[in-house]
Each structure stands twice: as C-alpha cells, then as structure tokens.
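Dear colleague,

I am handing over the structure we spoke about, and it is placed just below. My notes on what was found in it follow, and I would be glad if you read them alongside the coordinates.

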Protein chains: 2
Amino acid sequence: MPPASRRRSKRRSAEIVAAAAKVFAERGYHGATTQDIADVLGIRQASLYYYFPSKEAALEQVCMDGSAGYVAGALAVKRGPGSAAEKLARLVSNHVELWRTRVDFARVFLRERSNLPKATRHRIGRYSRRYERIFEDVLKAGMASGEFRADLDPRITALAVIGMCNSATAWYGIEPGATVERIAADFVRLLVDGILAGAERRSA
Amino acid sequence: MPPASRRRSKRRSAEIVAAAAKVFAERGYHGATTQDIADVLGIRQASLYYYFPSKEAALEQVCMDGSAGYVAGALAVKRGPGSAAEKLARLVSNHVELWRTRVDFARVFLRERSNLPKATRHRIGRYSRRYERIFEDVLKAGMASGEFRADLDPRITALAVIGMCNSATAWYGIEPGATVERIAADFVRLLVDGILAGAERRSA
DNA sequence: GCCGCAGTCTATCGCGGAATAGAATCGTGC
DNA sequence: GCACGATTCTATTCCGCGATAGACTGCGGC
C-alpha cells in the first residue's frame, strides 16, 4: 500500500483509539460498551473489530499510549542540569504538560489499568515503578547534597508528589482557571516551599 | 422484633455492605458481579436481594458510608482551637485516620461514585464541595493572619491537599511501612514546610 | 475504467449477569 | 414444642453486550 493510504490509515487508527480513550475515561472500562465507542465515531459496533481483536486490546492500546512519554521525559530531566529543586519542578511540569494532548489517555491509564490482562498489567506496573524511582532519585540527590530536608522519606514523598499531580486529572478541564501552567506552578511552589509564609525568598 | 435480633440483623446488614465495598474496591462497580459479593459472604447470589433492591442501591450504601464522617470531622477541626497550620495538620490526620476502619469504602467512594444515579451523585457532589470548602477556609484564614503565604490559590491548594491524601488510598496497605500515622505525618510536613532544607525550625 | 483491498455493513450467536418468584429453613420468643 | 418472622435457597427469566461470519462499497493505483 502506498504511503498516502498508509498515513491515512494510521491516522484513522489513532482516531479509533482516541474515541476508545474518551469513552473509557467517561464511563470506565467495564461501564463503557463497544457501542458507545462506535457511536462517537459514527460507525457500527461490529466495525470496530476491524481495528482491534477485542475490547481488552483496545484498553491495552489506550493504556500504552496513556503512559508513553512519562519515563522518557523524566529521565531527561533527571540527567539534565540544574539543582534538585529545579529538577523536581521540571518533573512536575513534564508530568502535567503531557495532559495537554491526552488527558483522557492519562485518566484511563490511572483508573483502568487494573482491568488489563496480567502480562500487560505487570509490564505497566514495572513502568510505573521505574517512573516513581526517578522521582525518588531526584529527591535522594537533593537530600544528599543538603538541598532538601534530610528527614524526608523519599519513597513516600515521591508517591505523594506523583499522586498529587495525578489527582488533578479529576478536575483538570473542569475547574475554571486551572490551566496546565498554573497547576504545575502552584504544585511546585507548594511542594518546594510549603505553605508557610516567609518562604518566598528561599527558593528564589 | 426484640432488640437482640434487631442488633444482629443490623450487624448482618453491615457485613453485606462491607462485602460489597470490598468487591467494588477490588474490581470496580461494573467489573464486580453480585455473584462475587455473594461468594465473599458464602451465600447465594439471589440472597443478596433481601438486603438491597438492586446492585446500584448497594453502591449507594457503600458510597454513603464511605463519605460519612469527613465533613463532620473537618468542621470540628476548623471550629476548634489552634493555629492554621495545626488545623491543616489535623484536617489531614482526620482524613487519613478514617481509612483505618474503612479504606475499601473510601476507595469505592473515590473511584465509583461516578456510577451513582443522578440524584445521589449530585448529593455526594455537594458533600464533596462542602468538604473542600472547609480546607479552603482554613487556608484562607491562615493567609489572612499572615501565617500562610499570601500567593496561594486556596482552591487549587485545597484540591491539591485532598488529592494528595486520596491518592494514598492506592498504595495504603500495600506499601510497606506506610501506616496511617506515617502517611499523615509525612504529608503534613511536606505540605507545611515543603521539601527544602532549613525548614525544620520554622514549624517547630 | 477496472481491479483489489481497506474499511464498513448486516445479521446473528451465545454468554454472563441482574433481577424476580416462590419455596424451604432457621431460630427465637412465648 | 409451636408459631411466625427473618433469612437463605432453588429455579428461572430476560436482556445487554462482546464477538464472529460473511457480504458490500468505494477509493487509489495502474
């Protein structure tokens, strides 16, 4: 098949997956029907099976797409230059920034990956742990250099940071004024400086 | 019906709802079958319908139980004595403390309330907003008194705090060493003092 | 302008799961 | 020990949804 068709075909596939992501995000994997997905696309339910062998395979695709980019971006930040605080800020920005194009994918990844078949679920579990490790590493580095407090628990703190970010998927796009930039900026300030007054100068 | 029977009956009902909570938490509302719930209890699937009229009604019960206590506890903290930082610490503790007896209920409330019928869903939505407001109020009070930074966005910060807490339901009970006390303490320190070194004294 | 295949359709199957009806049993108070 | 309500059981219905089979269609390339 010529490259022109092939490109259109690829694009159509992406549309199908995006429709699945949208529907899964709205109703949950089990709550969504393949009919719902077909409705979004304006095609018949059975036509979907030209694109995937099963509903579960569609979920796999959505989850893979929904997790893509996180580890790569975070690794780049970790290896890049800057203080630990700057790196943490960039980690958070990178994370939130990825919602811009694919919130639905992220939502499905977060809430529905538990419905994946064992193999994929474990694979994605390893991926997540790798991602968490990067946050932990940056935290540990900051603690070692004296930049961060020494009494942090790097593991719990990493989970707290990631969890706080992810929780925003629940209201991102709904809560007025909560743009990607503001969320990232507010979260970073909260995490780095805390809530108490008199901290503005410290991280400036 | 004598009080003895009545008490046993009430207790049995609670067992049924707890089983539903457990199963809903594990597999999700749509992913769970009434058979699964019956299996946990060692009874037949149809016997469940003595206790609720529908699967959806069971979800309602679990969600109501799962949200009970949050607003009341938070209101008590808000109205009680102490600095804003102390109050925020107590808000977080109160929140996390409620998992001790009913994590499954909290998990179902967080992840499955979207499957509730409209009326209940809206009711629970109002309840949540009321809860968030209390956090906002404490934050605003702290900002007004100069205790907290003036450049916080109280709404986003409140959502961030609550979201961070709730995200821990994903790994509470799994992550080794993450007890209710440690989670609450670590989260509070992170939120109040931030991550940077040199903050230990400030909140002491 | 015809061929071929990507893409969509119609039609249908089969299962799993929610829910109902009504019988059986258990246990508690008298 | 009997009666009666509370609880659980057996048996069955009904339908929604995932999936398969096979026909149709229209566009891109020659």
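**Helix α8 and its setting in chain A**

Helix α8 of chain A, which covers residues 154-167, has 14 residues and reaches 20 Å from its first C-alpha to its last, close to the 20 Å expected at 1.5 Å a residue. Since 13 of the 14 residues of α8(A) are buried, this helix is largely enclosed by the rest of the structure. Please keep in mind that this is a predicted model.

As for the chain to which α8 belongs, chain A has nine helices and zero strands, and from the N terminus on its elements run α-α-α-α-α-α-α-α-α. The C-alpha trace of chain A spans about 60 × 35 × 35 Å along its principal axes, and buried residues make up 41% of the 204 residues in the chain. Among the contacts in chain A with a separation of 6 or more, 65% are accounted for by residues 24 or more positions apart.

Turning to the nucleic acid, there are 21 residues around DNA strand C, of which S9(A), R44(A), A46(A), Y50(A) and A46(B) come nearest. The surface near DNA strand C draws at least two residues from each of α1 (3-27) of chain A and, in chain B, α1 (3-27), α2 (34-41) and α3 (55-67). By character, the residues of this surface near DNA strand C divide into nine nonpolar, eight polar and four charged.

With best regards

Key:
Residues are numbered from 1 along each chain as its sequence is written. Chains are lettered from A and ligands numbered from 1 in the order in which they are written. This is a predicted model: local features need pLDDT of at least 70, side-chain atom pairs count only at pLDDT 80 or more; totals for chains, interfaces and linings use all residues. Helices (H or I, at least four residues) and strands (E, at least two) are DSSP runs, numbered from the N terminus. A residue is buried if 20 or more other C-beta atoms lie within 10 Å of its own, exposed if 12 or fewer, and partly exposed in between; C-beta atoms are placed from the backbone. Two residues are in contact if their C-beta atoms, placed from the backbone, lie within 7 Å. The expected span of a helix is 1.5 Å times one less than its number of residues. A residue is near a molecule or strand if its C-beta atom, placed from the backbone, lies within 6 Å of it. Ala, Val, Leu, Ile, Met, Phe, Trp, Tyr, Cys and Pro count as nonpolar, Asp, Glu, Lys and Arg as charged, and the others, Gly among them, as polar.
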